[in-house]
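Thanks for sharing this one. Here are some notes to read alongside the structure, set out as numbered points.

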Amino acid sequence: MNNEITNITMKFKKLHILVIGDLMLDVYQSGRVKRISPEAPVPIVEIKNSFERLGGAGNVCLNITSLNAKCSSIGIIGKDPTGEKIKSLMSENNINYEHIIINSNRPTTTKTRIIANDQQVVRIDNENISPIDNSEENEILHNVKKTINKIDAIILQDYNKGLLTEKLIHELIKLANENSKPIFVDPKFDNFFSYKNVFLFKPNKKETEKILGFKFDGIDSIKKGAEIIKEKLQCKNVLITLGEEGMLLLTNDGEFYTIPTQAKQVHDVSGAGDTVISAMAVFYSAEYSLKESTIMANVSAGKVCESFGVVPIKFDDLQDEINRYF
């Protein structure tokens, strides 16, 4: 291991990132289709393999620990076997879940993907996306206050599943800024413009086009979109992920950086956004520049897109790229 990789490894091991967001369990069931059901014109999938992975904000946590940094999770799960499975998977991957809230009246969000002949044929979602109540908002804030002096950065991972309410978003940002902790945001459509005064705001192309009401038809329109977001949110930095087109970064000093995609062969983009926000928080907290952090986040996303399913980046996969850039 060369000196730079050793240096990065040591830096990452000292970091502690807090992830607040919607927790999910991803279930994959795969098999073969050999006949059509006599009950309806649908394929019968004979399941041969089944496995479970941390999804949603849990996948962000998994990316962080896969990069050798410490991670704590704050979210909400149900009092059910799926919630227990999430805690078990977090324990296996050294993710601290002591501040997760358990709600006996709410199921743990579960996404079950049925894969037949190597192709996803249906996804079954079990969830309750109603907003959490005032007491749960207060409990989350209380738990963040207990841990904020032990962390280096906060990621808000929003999938619009009810955890990140407008009130909670405002209170979390206020608390983080008062304690000089950078907040990295991966938004969804709801509450898009509620994330004011954060360090980095990372929407994807689809979300940005829908919210702003115009299609990106070239680099100038993407830059315009980033400028509008930065002005409306008064955030320091905007990073728009563009899928196969890479990323565009608008920094606090008004500089633009376009970063082409790094994936050699895209098999599956699932989870790429989780990897980007995780790598951004980890590399930046390890005192790499915002541009350097974005380059490595882009490389990390390219690596996970070369695999099937929602998988985390592994530090070992980045070593060649680290040697190339640093």
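**Notes on the predicted model**

1. Let me begin with the second largest pocket, whose lining consists of E52, R53, L54, L62, T65, S66, N68, L89, E92, N93, P312 and K314. Please keep in mind throughout that this is a predicted model. The space in this pocket comes to about 170 Å³. Its lining is made up of four nonpolar, four polar and four charged residues. At least two lining residues come from each of β3 (43–56), α2 (57–66) and α3 (81–92).

2. One of those contributors, α2, deserves a look of its own. Is helix α2 enclosed or open to the outside? With 10 of its 10 residues buried, α2 is largely enclosed by the rest of the structure. The buried set runs through A57, G58, N59, V60, C61, L62, N63, I64, T65 and S66. Among these, L62, T65 and S66 also line the second largest pocket. Just after the helix, N68 adopts a positive phi of about 75°, and N68 is another residue of that pocket lining.

3. Now to the nonpolar interior. In soluble globular proteins, nonpolar side chains tend to be buried together. Here the largest nonpolar core contains 52 residues, and F12, I64, I155 and F184 have the most contacts inside it. Which helix gives the most to this core? That is helix α8 (residues 272–285), with eight residues. Another core lies apart from it, with 38 residues that include L18, I148, L163 and L242.

4. I155 is a good residue to centre the view on. Leaving aside residues up to four places away in sequence, I155 touches I17, L18, V19, I20, V60, I64, F184, I277, S278 and A281. Two of these partners, I64 and F184, are named with I155 among the residues with the most contacts inside the largest core. L18, by contrast, is one of the residues of the other core.

5. From I155 you can step across to S278, which sits in helix α8. S278 counts as buried because its relative accessible area is 0%, under the 20% cut-off. Setting aside residues up to four places away in sequence, S278 is in contact with V60, N63, I64 and I155. V60, N63 and I64 are all on the list of buried residues of α2, which ties this point back to the second one.

6. A301 gives a view from helix α9 (residues 290–305). A relative accessibility of 8% makes A301 buried. Beyond residues up to four places away in sequence, A301 touches A272, T275 and V276; these three positions fall in the range of helix α8, residues 272–285. If you want a distance to check on screen, the C-alpha atoms of A301 and D320 are 15 Å apart, with the two positions 19 residues apart in sequence numbering.

7. Helix α7 (residues 219–233) is worth a check on its geometry. Its 15 residues reach 21 Å from first C-alpha to last, close to the 21 Å expected at 1.5 Å a residue. The buried residues in α7 are S221, I222, G225, A226, I229, K230 and L233. What covers them? The cover includes β12 (200–201), α6 (205–212), β13 (237–241), β14 (247–250) and β15 (256–259). Just after α7, Q234 has a positive phi of about 50°.

8. Two further backbone angles may interest you. N94 is not a glycine, yet has a positive phi of about 60°. N94 belongs to the loop between α3 and β6 (95–96), and its relative accessible area of 66% makes N94 exposed. N197, also not a glycine, takes a positive phi of about 70°. N197 is placed in the loop between β11 (183–186) and β12, and at 45% relative accessibility N197 is partly exposed.

9. Last, the enclosed space. Rolling a probe the size of a water molecule over the atoms shows where empty space is left. How many cavities of 30 Å³ or more does the structure hold? There is one, and the volume of the largest cavity is about 60 Å³. Around the largest cavity are D22, L23, I76, R106, P107, T108, T109, N128 and K161. By class, this lining splits into three nonpolar, three polar and three charged residues.

Definitions and conventions. Residues are numbered from 1 along each chain as its sequence is written. This is a predicted model: local features need pLDDT of at least 70, side-chain atom pairs count only at pLDDT 80 or more; totals for chains, interfaces and linings use all residues. Side-chain values use heavy atoms; hydrogens and water are left out. Helices (H or I, at least four residues) and strands (E, at least two) are DSSP runs, numbered from the N terminus. Buried means under 20% relative accessible area, exposed over 50%, partly exposed in between (1.4 Å probe, protein chains only). Contact means heavy atoms within 4.5 Å. A nonpolar core is a set of buried Ala, Val, Leu, Ile, Met, Phe, Trp, Tyr and Cys residues joined through side-chain atoms within 4.5 Å. On a 1 Å grid over the protein atoms alone, a cavity is a set of points where a 1.4 Å probe fits but cannot get out, and a pocket is an open set with protein on both sides within 12 Å along at least five of seven lines; lining residues have an atom within 4 Å of a point. Grid points are joined across faces, edges and corners, and a volume is the space filled by probe spheres set on the points. Ala, Val, Leu, Ile, Met, Phe, Trp, Tyr, Cys and Pro count as nonpolar, Asp, Glu, Lys and Arg as charged, and the others, Gly among them, as polar. The expected span of a helix is 1.5 Å times one less than its number of residues.
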